[in-house]
Amino acid sequence: MNESKPGDSQNLACVFCRKNDDCPNKYGEKKTKEKWNLTVHYYCLLMSSGIWQRGKEEEGVYGFLIEDIRKEVNRASKLKCCVCKKNGASIGCVAPRCKRSYHFPCGLQRECIFQFTGNFASFCWDHRPVQIITSNNYRESLPCTICLEFIEPIPSYNVLRSPCCKNAWFHRDCLQVQAINAGVFFFRCTICNNSDIFQKEMLRMGIHIPEKDASWELEENAYQELLQHYERCDVRRCRCKEGRDYNAPDSKWEIKRCQCCGSSGTHLACSSLRSCEQNWECLECRGIIYNSGEFQKAKKHVLPNSNNVGITDCLLEESSPKLPRQSPGSQSKDLLRQGSKFRRNVSTLLIELGFQIKKKTKRLYINKANIWNSALDAFRNRNFNPSYAIEVAYVIENDNFGSEHPGSKQEFLSLLMQHLENSSLFEGSLSKNLSLNSQALKENLYYEAGKMLAISLVHGGPSPGFFSKTLFNCLVYGPENTQPILDDVSDFDVAQIIIRLNTATTVADLKSIINECYNYLELIGCLRLITTLSDKYMLVKDILGYHVIQRVHTPFESFKQGLKTLGVLEKIQAYPEAFCSILCHKPESLSAKILSELFTVHTLPDVKALGFWNSYLQAVEDGKSTTTMEDILIFATGCSSIPPAGFKPTPSIECLHVDFPVGNKCNNCLAIPITNTYKEFQENMDFTIRNTLRLEKEESSHYIGH
C-alpha cells in the first residue's frame, strides 16, 4: 500500500475530526493512504466507538480495515458533536444513559478522558474518572517532579498524583510527553521507579503509553560517539614536534584527557606530568568547579582550598581555544556549566527528596539520656525503613513501668546531630574532618553516621553545619581532586611539622627538619629527595594528603555509602553550592523579626498578649532578658535553629489564660500567658523557659551519670 511522505499529508484533513493538524503528542501519528484517499489521526481512529481491529497490524491502518473505517465515518456523519455542534462525532461517553458524542480534539478541549487500554473507553467531562484523596495536608505549592515548576497539589484534569509516591505530583502534559518518549518499557514513577502500579493508574487517567521502546533507544548509532577518545593536546604551548594530534602511548608524548570532561587533552610532557596516573583538569573545568559560588576562587598554580600551601605550577597549563566541534565530553561540560548557572534552593531540594517518605510510620523508642545508642538500635532494626515516616516516643532506661511519652521528631534529630558533631567519629574544632577510630570501623559506625545524616536531612532535621570544606569537596569531587589545608590537621604534632617545613628558609634547615622527623615521614611514605627549597611545598602537600585523606580512606568510603541513603549524596553532588550552605556553615543567628514571622497565630488572638510577645522578642534580642532566641525556639520546638526543610507543622502561637507559657514540641506550639502587665509577662516567660531548659539538662546529665 502506498503511503504519502510525511510532508505530503500536512494539508490533508483527518476523516474523523476534519482537522489537518499534525501533532503526534496530542492526536497521535497522522497517516495518509493515497490509494484510498484516506487520512486519519491515530487517536481519532483508536477511540472511535463503532470500530474494531479486525485485521493484522500491517493491514489497512494499524489493523483497522479500510471498509470498517469508511463505515465508521458514515456512522459518525449522523452524530453531532456536543462541543463544536458539527457532524462527525465518532466518540461517545461510555457512562450509562450519557448521550454525549464528540470529536477527539473537542474532547481534549473539554477535558474528557480517553483510556488507551482495554476497550478504549471514553468519558465526558461529567463522568470522567478522578483521583480521590482522603486528606490533603499540603498548604503550599509543590514542584512537578518532571518539569520542577510549582503546582497546587490538588488533583484535577491537568494535575495528577502518583499512586505509589503520595507526595509526587505531575502536570498531565509532562506525563504524556514522558510516556511517549519512554514507551511501555521505561515509563515509570520518577521518584520510586515503580512501573506496574504507576502505569495502571496513568492509563486509568487517560495517559497514552505506546507499546514501543524508548525514543533514545531507537536512534541509530545514538551512543556511537561514546566509543571515541579525544586525542589532542590543547595547552597553549604544545612542545611536541609531531604536532598537537600526535599520541604515543607509554611515552612522554601520550595524550592525557581531562578527568572531568574528557574533551580536552595534554601531552604528559606539555603539562609536566610524570605519568598518566596523575590527575589533570583543563582550565575550563577547573574554573567551573572551583571558582563558582561558595567556593574560594583558585589562584593560578594553586589547587582548590590550598591557600596555605604552595605547590608547583606544572598542572595548570592554560589551554588554547577549542575547535568548534562536538566531542564525547561536551555534554559533561554542559552539565558543569548548568550546575553553576542554575542554582537551586536547598529547601526545595530537600522537599523533593522528602517525596520518598511514605505515609506508613515507624515508631522509634528513644532514650534522651542515651540518644546515640538508642538511635543506633532503632536505625539498625531490621523493620526500619528510611522511607517510612518517623514517629518518636521517649522512654527511660530501666523503667520498670515501661512508661513512654510522645516525643518531637525534630527535637530527636537535633539532639542526634549535636551528638554526632561532638562524637569521636570526627576531629577538629569548628570545621571537622573524619577521624580514624578503629573501634568505630569494626562496628561500622561511619556508615551509620552517614546514614543518620541523610535521614535527618530528608526527614526535617537541622543543618549539620560542621563539615570542613575539604571533607565536603571529597564527597562532591572525590579525594583525588581535593587538596587539604593546614587548618584540616587537628593533630598538634603533625601541624607543627608542617609549619616548620613551610617556614624553612634554607635547604639545610629543610633537611635538618626532615632528619628529625625521619621515622614519621618514612612511616607515612612521604620521604622524598630534597634538592631545592621549593621541594618543601610538594612534601607538605604529601603530608597533608596522607594525614587528612589517605589515612581515613576506609572511614570515608564507609561514611559515603551511608550518605547515599535516600539519594542524599547524589543530590549533594548534583547541587554542591546549595548543600555547602548547610553542611559547612552554621545557620544564621535568630532575630526578633525571624521568630515573629516564624510563629503563626491559629486561634483568635489576644491583642494585648501578642503585643507583649513582640515586645518580649525585641527585649531578648537587645539582651534585656535572661533567655536567648535559641532558648525560645528550643522551648517551643526542641530545635535551636530553623531546619533547612522548614518545620512541620508550622510553629504557632496560642494566647491562653494561664500563669506560665507552655511549649508543645510535638506540635511546635507555644502557648503564651495573658497577663495584665508586660513586666509580669516577661518575668513568667523568663522564669519558665530558663528553668525548663535547665531541668532538662540536669535530667539528661543525671541519667548519663548513672
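## Cysteines without disulfides

The count of disulfides comes to zero. This is a predicted model. A disulfide here needs two cysteine sulfur atoms within 2.5 Å. Cys 192 does not meet that cut-off: its closest cysteine sulfur, in Cys 165, is 3.5 Å away, too far for a bond.

How exposed are the cysteines? Cys 192 has 38% relative accessibility, so Cys 192 counts as partly exposed. Cys 261 has 4% and therefore counts as buried. Cys 81 has 1% and is likewise classed as buried.

## The surroundings of Cys 81

Cys 81 sits in a loop. That loop runs between helix α3 (66-76) and strand β3 (91-92).

Leaving aside residues up to four places away in sequence, Cys 81 touches Lys 86, Ala 89, Ser 101, Tyr 102, His 103 and Cys 106. Tyr 102 is 21 residues from Cys 81 along the chain, yet their C-alpha atoms are separated by 4.3 Å. The buried state of Cys 81 rests on its 1% relative accessibility.

## Helix α10: cap and cover

Helix α10 covers residues 346-353. Asn 345 caps its N-terminal end. The cap is a side-chain oxygen of Asn 345, 2.7 Å from the backbone nitrogen of Ser 347.

The helix is mostly covered, with six of its eight residues buried. Those buried are Val 346, Thr 348, Leu 349, Leu 350, Glu 352 and Leu 353. Several elements contribute to the cover of these residues, including β7 (142-143), β8 (150-151), α14 (445-458), α21 (568-574) and α22.

## Helix α10 against helix α22

How do α10 and α22 pack? Their angle is about 95°, and their axes are 9 Å apart. The two helices are therefore roughly perpendicular to each other. In α22, the residues run from 576 to 583.

Which residues meet at this contact? From α10 come Val 346, Leu 349 and Leu 350. From α22 come Ala 578, Phe 579, Ser 581 and Ile 582. By class, the contact has six nonpolar residues, one polar residue and no charged residues.

An α-helix has 3.6 residues a turn, so residues three or four places apart point the same way. In α10, the residues that meet α22 include Val 346, Leu 349 and Leu 350. Val 346, Leu 349 and Leu 350 are also among the buried residues of α10.

Key
Residues numbered from 1 in each chain as written. Predicted model: local features only at pLDDT ≥ 70, side-chain atom pairs only at ≥ 80, totals over all residues. Heavy atoms only, no water. Axes fitted to C-alpha atoms, helices over the stretch in contact; angles between N-to-C directions. Helix = DSSP H or I, 4+ residues; strand = E, 2+ residues; numbered from the N terminus. Parallel < 35°, antiparallel > 145°, perpendicular 65-115°, else oblique. Contact = heavy atoms within 4.5 Å. Nonpolar A, V, L, I, M, F, W, Y, C, P; charged D, E, K, R; others polar. Buried < 20%, exposed > 50% of the residue type's maximum accessible area, 1.4 Å probe, protein only. Polar contact = N/O pair within 3.5 Å; in protein donor to acceptor, adjacent residues only side chain to side chain.
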